[in-house]
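Open the model in your viewer and keep the selection panel at hand. The tour goes from stop to stop, with a selection to make at each one.

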Amino acid sequence: MIKNISTSRRTFLHGLSASSLVALAPRLSAAPMQLPALRQLAGGHPLIGAAVPTHFDKRLNAQEKAILSSQFDSVTPENCMKWQSLCRKQGEYNFGPIDRLVEMAKANKQKVVGHTLIFNRDGNYPDWLFRDGGKEADSKLVWKRVEAHVVKLMTRYKGRIDSWDVLNEFVESHDPGYRVTDFTRFLGKDYPVRLFKLAAEIDPKAKLTYNDFAVENPKRQKAILAFVRSLQDSGCRVDVIGSQSHLEIGDDVGKNINSMIKNFAAIGVRSAFTELDVDVISRKLFWNPKTRPAAVLQNPYPVSCPDEVLQQQAKVYHSVFEAVMANRKNVDRVTMWGITDRNSWLNNWPWKRVNHGLLFDRASAPKPAFHSIAKILARR
Ligand code: XIL
């Protein structure tokens with residue numbers, strides 16, 4: 001007897017884990033080529049970007065590649081340019097993945113962002129950096145290595161990468177005002193001055209960015225503004241402040257972003273939204289150690305995300321783009337931190353769950369957030 005199809009599908013699905021179920025979601029004919037293209041609607045002001053995974057050639061399917069080339073005019077390597085990925089062993093640089101990305105970007109007429117020269121977070125550098133044989137390196141040697149790394153990267157891609165995240169995540173709003181890391185311990189808290197001067201010297205034409213998280217938070221915004229002013233006072237050129245913008249539903253950021261762009265413009269610096277995504281599962285419980293054990297069990301949308309949640313998400317994207325377009329001459333770029341929900345880091349950070357933070361779903365279909373952005377851009 002032939003089994004009723006829906007019953008057998010249900011039985012089949014029952015035996016699968018939540019995350020593999022998503023992979024079985026029906027492939028819609030998303031036809032990304034027939035959608036309005038955000039890059040065209042924005043006309044380069046601002047650039048519309050996406051982060052691209054390492055080995056994108058293998059990891060992205062045909063639909064995702066089509067979205068990448070048709071929707072975006074800027075690409076950021078998600079991981080392959082970070083020092084610890086690029087040069088795990090001293091002296092052995094693995095430029096292959098960046099070279100392929102740069103080549104792909106050229107074919108698609110896309111700009112490339114250099115992300116990132118220094119990531120001021122412990123663990124975001126190779127193990128050998130602060131060692132000298134059996135002992136700790138001294139600060140002179142560490143700076144020599146930083147300098148050589150920056151020279152190597154910026155020189156190799158001069159003319160092909162025109163925008164660099166020179167420094168990532170330096171500022172803390174509480175005492176001592178910066179994130180204490182091996183970089184600050186070995187090089188001192190003023191190493192950003194040396195770093196920005198070096199970058200400006202190597203490529204005087206490149207856009208130099210200071211990139212940080214939660215910049216939309218007024219307290220952090222103030223601290224970041226003060227930090228960038230201090231860089232300027234020390235003779236550094238900072239062209240852009242990057243606001244990572246890892247947001248979540250319910251965030252009411254329009255007003256803060258609006259004033260952020262204006263405050264940065266007042267010191268002669270443009271804004272970029274460098275890693276935008278909107279988590280549909282609030283992370284607030286995770287940051288409180290008491291509620292963290294419960295938070296990490298949350299996986300409310302393992303198969304698909306309800307429409308009302310996607311509408312709330314679209315509201316957050318909408319508010320970002322409203323503020324961006326109201327201040328567009330001072331906004332360099334808006335980059336989404338991924339292409340579709342299938343490869344988004346939000347599925348793993350800060351805990352494992354099936355997430356839905358980007359503009360395209362796992363079947364590469366555009367979500368309400370995509371349409372709301374397209375509508376704003378079309379009004380320009
Ligand atoms: C993230 C990547 O998306 C992940 O794949 C990786 O495991 C960790 O780093 N701020 C940044 C980005 O500047 O480089 C980070 O990217 C996300 C937070």
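Start by selecting Ala 37, in the loop between helix H2 (18-23) and H3. This is a predicted model. With a relative accessibility of 11%, Ala 37 counts as buried, because the cut-off for buried is under 20%. Now add Gln 71 to the selection and draw a distance between the two C-alpha atoms. Ala 37 and Gln 71 are 34 residues apart along the chain, and their C-alpha atoms are separated by 4.8 Å.

Next, select Lys 109, which is found in the loop between helix H7 (96-107) and S3. Is Lys 109 buried or exposed? Lys 109 is exposed, at a relative accessible area of 69%. Add Phe 72 and draw the C-alpha distance again. Lys 109 and Phe 72 are 37 residues apart along the chain, with 9.5 Å between their C-alpha atoms.

For one further distance, go to strand S2, residues 74-77, and pick Thr 76. Thr 76 has 1% relative accessibility and counts as buried. Draw a line from its C-alpha atom to that of Gln 90: these two residues are 14 apart along the chain, and the separation is 24 Å.

**Cis peptide bonds**

Move to the backbone. As a rule, most peptide bonds are trans. Select His 45 and Pro 46: the bond that joins them is cis, with omega about 5 degrees. Pro 46 has its place in the loop between helix H3 (38-42) and strand S1 (47-52).

Then select His 115 and Thr 116. A cis peptide bond joins these residues as well, and omega is about 5 degrees. Thr 116 belongs to strand S3, residues 111-119. Keep His 115 in mind, since His 115 is one of the residues around the ligand.

**Positive phi**

Stay with backbone angles. Most residues other than glycine have a negative phi. Select Ala 214, which is not a glycine but has a positive phi of about 50 degrees. Look for Ala 214 in the loop between strand S7 (207-212) and helix H11 (218-233). Ala 214 counts as partly exposed, at 23% relative accessibility.

Which loop holds Ser 245? Ser 245 lies in the loop between strand S8 (240-243) and strand S9 (246-248). Its phi is near 65 degrees, a positive value in a residue other than glycine. The relative accessible area of Ser 245 is 3%, so this residue is buried.

**A chain of polar contacts**

Select Asn 211 in strand S7. Its relative accessibility is 0%, and Asn 211 counts as buried. Show the side chain and follow its contacts in two directions. In one, the side chain of Asn 211 makes a polar contact of 2.7 Å with the side chain of Asn 168. In the other, the side chains of Asn 211 and Thr 274 are joined by a polar contact of 2.8 Å.

Add Thr 274 to the selection; Thr 274 lies in strand S10, residues 270-279. At 2% relative accessibility, Thr 274 is buried too. Now return to Asn 168, which leads to the last stop: Asn 168 is among the residues that surround the ligand.

**The ligand**

Select the ligand and show its surroundings. The ligand sits in the largest pocket. To display the shell, select Glu 78, Asn 79, Lys 82, His 115, Phe 119, Asn 168, Glu 169, Gln 244, His 246, Glu 275, Trp 337 and Trp 345. Colour the shell by residue type: three of its residues are nonpolar, five polar and four charged.

Which side chains should be inspected for short distances to ligand oxygen atoms? Begin with Glu 275, where an N or O atom of the side chain is 2.6 Å from an oxygen atom of the ligand. For His 115, seen earlier at a cis peptide bond, the distance from a side-chain N or O atom to an oxygen atom of the ligand is 2.7 Å. At Trp 337, a polar side-chain atom lies 2.8 Å from an oxygen atom of the ligand. Finally, switch on the surface. On its own the ligand has 410 Å² of accessible area, and the protein covers 73% of it.

Key:
Residues are numbered from 1 along each chain as its sequence is written. This is a predicted model: local features need pLDDT of at least 70, side-chain atom pairs count only at pLDDT 80 or more; totals for chains, interfaces and linings use all residues. Side-chain values use heavy atoms; hydrogens and water are left out. A residue is near a molecule or strand if one of its heavy atoms lies within 4 Å of it. A polar contact is a pair of N or O atoms within 3.5 Å; within protein, one must be able to donate a hydrogen and the other to accept it, and residues adjacent in sequence count only if both atoms are side-chain atoms. Accessible areas come from the Shrake-Rupley method with a 1.4 Å probe; for residues, only the protein chains shown count as cover. On a 1 Å grid over the protein atoms alone, a cavity is a set of points where a 1.4 Å probe fits but cannot get out, and a pocket is an open set with protein on both sides within 12 Å along at least five of seven lines; lining residues have an atom within 4 Å of a point. A molecule sits in a cavity or pocket if more than half of its atoms lie within 2 Å of its grid points. Ala, Val, Leu, Ile, Met, Phe, Trp, Tyr, Cys and Pro count as nonpolar, Asp, Glu, Lys and Arg as charged, and the others, Gly among them, as polar. Helices (H or I, at least four residues) and strands (E, at least two) are DSSP runs, numbered from the N terminus. Buried means under 20% relative accessible area, exposed over 50%, partly exposed in between (1.4 Å probe, protein chains only).
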